[in-house]
Amino acid sequence: MTNSGPLLEMRSVNAHYGAVHALKDVDLAIYEGELVCLLGGNASGKSTTLKTLLGMLIPTSGDVLLDGEVVTDRPISYRVRKGVTMVPENRRLFKRLSVRDNLELGAYLRKDTGQITADMEQVFELFPRVKERLTQKAGTLSGGEQQMVAIGRALMAGPRVLLMDEPSMGLAPALVQQNFELIQQIHEAGMTVFMVEQNANMALSIADRGWVLQTGRVVLDDSAQNLLAHPDLRTSYLGGGDS
C-alpha cells in the first residue's frame, strides 16, 4: 500500500432507483495494493455500490473519485481505460466463443499491442489451465475454469483495481474455497481488489479490511480481523447467514 490518497473512492454518495433510496451517504476508500470487501444481506446496496463505482449508475449526490480525479459523470469506457474493471456476478462469459476470444475481448479498449501479449502470458502463468483450454468454447468449461477465464478477461483490460461482484455466487461448495484462493493469488501478484460478497467468513479470511452495508448505509467499517471477531456481525447485519 502506498502513502498517497485512495485509488478509488466514494464520498457521501446517495443513489436512487426512482423513489427507492438505495445508497445513503456512503463513504468508501480503496487504497492501492489492498484487498477489501463489502458485505451485506440481500437488498443492502452492495450491487448498487459496484454499479456506481463502475459508472453504470450515476449517484443523485456525492462523488466517485479515481486516483483523485472526480469521475462521477464519466462513462464506463472512460473508467475502464483509467483502470477500473469488473468481474461480473455469475461470470457472464460469451459461452459460444472460445476461451481465447473471451480473453481478447477484455482488452478491446486497449491499443498497446505488445503489453496485451505480455498480459495474456501473465494470465497463463496465473491460470495454466486456461492456457490448456484456449480453443475450447467457454460454455464447455467447468464452473471453476469459467471463473478463471472471467478473472483473466478482466485482467486483460490492464486494471489498476479489480471489482468483483459476488465471486462465489453459483459455484459448487467445493469450488468456493478454490475461488477465494484464486482471488488471493491475483492480489498477491499485486492487484488491488474490491470484492462484494455474501460469504462473510470466506471474504474476511483473505481481506485486509471490510465494510458492512445495511439498507444502503455503512454500519461497520473495520479491519477484516476485527469484523471476523465481531459478535453480532451475522445476526445483526447479514440477515442471519451468508445467503
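These legends go with a set of close-up views of a predicted model.

**View 1. The main nonpolar core, around L103, F127 and M195.**
Start with the big one: the largest nonpolar core in this predicted model runs to 48 residues. L103, F127 and M195 are the residues with the most contacts inside it. Helix α6, covering residues 143–155, chips in six residues, which is the most that anything gives to this core. Take F127 as a way in: setting aside residues up to four places away in sequence, F127 touches M148, I151, G152, L182 and I186. As a general habit, nonpolar side chains in soluble globular proteins tend to be buried together.

**View 2. A second core, with L8, V64, L66 and W211 among its members.**
After the core around L103, F127 and M195, here is another one lying apart from it, made of 27 residues. L8, V64, L66 and W211 are among them, so they make handy landmarks for the view.

**View 3. L126, at the end of helix α4.**
Helix α4 spans residues 113–126, and L126 sits in it. L126 has 16% relative accessibility, so it counts as buried, the cut-off being 20%. What does L126 touch, once its neighbours within four places in sequence are left aside? The contacts are L155, Q185, I186 and A189. G152 is worth picking out too: its C-alpha atom is separated from that of L126 by 8.7 Å, with the two residues 26 apart along the chain.

**View 4. A nonpolar patch on the surface: F94, L97 and L105.**
Not everything greasy is tucked away here. F94, L97 and L105 form a nonpolar patch on the surface, and together they have about 240 Å² of accessible area. L105 belongs to helix α3, residues 99–105. With a relative accessible area of 34%, L105 is partly exposed.

**View 5. R133 and its two acidic partners, E132 and E145.**
R133 keeps two salt bridges going. With E132, the closest N and O atoms are 3.7 Å apart; with E145, the N to O distance is 2.9 Å. E145 is part of helix α6, while R133 is in the loop between α5 (128–132) and α6, so this pair ties together parts that are twelve residues apart in sequence. Buried or exposed, how does each one of the three rate? E145 counts as buried at 10% relative accessibility, R133 is partly exposed at 23%, and E132 counts as exposed at 56%. In general, side chains of opposite charge can pair when their charged atoms come close.

**View 6. The E9–R11 salt bridge.**
Seven salt bridges are found in the structure, and this view shows the one where the side chains of E9 and R11 meet, at 3.1 Å from N to O. E9 counts as buried, with 15% relative accessibility, whereas R11 counts as partly exposed, at 42%.

**View 7. T192 in strand β8.**
Strand β8 covers residues 192–197, and T192 is in it. At a mere 1% relative accessibility, T192 counts as buried. The T192 side chain reaches the backbone nitrogen of G33 at 2.7 Å. Not counting residues up to four places away in sequence, T192 touches L7, I30, Y31, E32, G33, E34, R160, V161 and L162.

**View 8. S44, in the loop between β3 and α1.**
The loop holding S44 links β3 (35–39) with α1 (46–54). S44 is buried, with a relative accessible area of 3%. A polar atom of the S44 side chain lies 2.8 Å from the backbone oxygen of G41. Which residues does S44 contact, leaving aside its neighbours within four places in sequence? They are A22, L213, Q214, T215 and G216.

**View 9. Helix α1 and the glycine just after it.**
Follow the chain on from S44 and you come to α1, residues 46–54. Helix α1 is mostly covered, with seven of its nine residues buried. The buried ones are K46, T48, T49, L50, T52, L53 and L54. Just after α1 comes G55, which takes a positive phi of about 100°.

Key: Residues numbered from 1 in each chain as written. Predicted model: local features only at pLDDT ≥ 70, side-chain atom pairs only at ≥ 80, totals over all residues. Heavy atoms only, no water. Core = buried A, V, L, I, M, F, W, Y, C linked by side-chain atoms within 4.5 Å. Buried < 20%, exposed > 50% of the residue type's maximum accessible area, 1.4 Å probe, protein only. Helix = DSSP H or I, 4+ residues; strand = E, 2+ residues; numbered from the N terminus. Contact = heavy atoms within 4.5 Å. Patch = residues over 30% accessible without salt bridge, like charges linked within 9 Å, V, L, I, M, F, W, Y side chains within 5 Å. Areas by Shrake-Rupley, 256 points an atom, 1.4 Å probe, with all protein chains shown as cover. Salt bridge = Lys/Arg side-chain N within 4 Å of Asp/Glu carboxyl O. Polar contact = N/O pair within 3.5 Å; in protein donor to acceptor, adjacent residues only side chain to side chain.
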